[in-house]
Amino acid sequence: MSNETPEQRLAALGLTLPPVPKPIGSYVPWRVEGNMLWTSGQGPRRADGVPVKGKVPSEMSIEEAYENARMVGLGLLAAAAEGAGGLSKLKVVKVLGMVNADPDFNDHPKVINGCSDLFVAVLGENGKHARSAVGFASLPNRIPVEIEAIFTILD
């Protein structure tokens, strides 16, 4: 795994980076300051651009929410790669994962693992990161997860 590039690992997983989502407000998809890159929060979207909806676990299983978090991770990698000049220049520092959860739900980390596992699978050691996984009573457009990430841009 250490000899493969992130692009090769992504291809080996049968994945491609999606287009960087267009902001739905007065913000940008990513911001660089020095050697740090912040991504705006993203939620899962279907191929036609429509947001995925659902509350975990009453409307969406943990496994489905995990896959949605993985999908969001791809979008975050796309935005960060655009801002940094490629996947090989990225090292994940911190992830904040928010889950649209029922009040008694307590497995938020299992959902956000979808994004974290993807980062490690694609970026290797540079994908390991600090993380928070928390629940919310609602998220915009009733999306099941919203995730943002902070990266270091490598030389």
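## Helix α2 and what follows

Let's start just past the end of a helix: α2 is followed by G85, whose phi is positive, near 95°. Keep in mind throughout that this is a predicted model.

The helix itself, α2, covers residues 62-84, a run of 23 residues. From the first C-alpha to the last, α2 reaches 32 Å, which is close to the 33 Å expected at 1.5 Å a residue. As a reminder for reading any such element, an α-helix has 3.6 residues a turn, so residues three or four places apart point the same way.

## The largest pocket

Helix α2 also has a part in the largest pocket, where it gives the most to the lining, with 4 residues. The lining as a whole is made up of 28 residues. Lying nearest the centre of this pocket are P21, Q42, G43, P44 and R45.

How much space lies in the largest pocket? The volume comes to about 650 Å³.

## N100 and its surroundings

Now for a residue in a strand. N100 is found in β3, which spans residues 90-100. Is N100 buried or exposed? Its relative accessible area is 3%, so N100 counts as buried, the cut-off being under 20%.

The side chain of N100 has a polar partner: it makes a polar contact with the side chain of K55, at 2.6 Å. K55 is also among the residues that N100 touches, together with G54 and V56. Leaving out residues up to four places away in sequence, the contacts of N100 further include F136, A137, S138 and L139, as well as R142, I143 and P144.

## Salt bridges

How many salt bridges does a search of the whole structure find? There are 4, and three pairs are described here.

One of them joins K128 to E125, with the closest N and O atoms 2.9 Å apart. K128 is partly exposed at 46% relative accessibility, whereas E125, at 59%, counts as exposed because its value is over 50%.

Another pairs E33 with R31, and here the closest N and O atoms are 3.4 Å apart. E33 has a relative accessible area of 46%, so it is classed as partly exposed.

In the pair formed by K110 and D107, the closest N and O atoms are 3.8 Å apart. Both partners are partly exposed, K110 with a relative accessible area of 47% and D107 with 24%.

Methods. Residues numbered from 1 in each chain as written. Predicted model: local features only at pLDDT ≥ 70, side-chain atom pairs only at ≥ 80, totals over all residues. Heavy atoms only, no water. Helix = DSSP H or I, 4+ residues; strand = E, 2+ residues; numbered from the N terminus. Buried < 20%, exposed > 50% of the residue type's maximum accessible area, 1.4 Å probe, protein only. Polar contact = N/O pair within 3.5 Å; in protein donor to acceptor, adjacent residues only side chain to side chain. Contact = heavy atoms within 4.5 Å. Salt bridge = Lys/Arg side-chain N within 4 Å of Asp/Glu carboxyl O. Expected span 1.5 Å × (residues − 1). 1 Å grid on protein atoms, 1.4 Å probe; cavity = no way out; pocket = protein on both sides within 12 Å on 5 of 7 lines; lining within 4 Å. Points joined across faces, edges and corners; volume = space filled by probe spheres on them.
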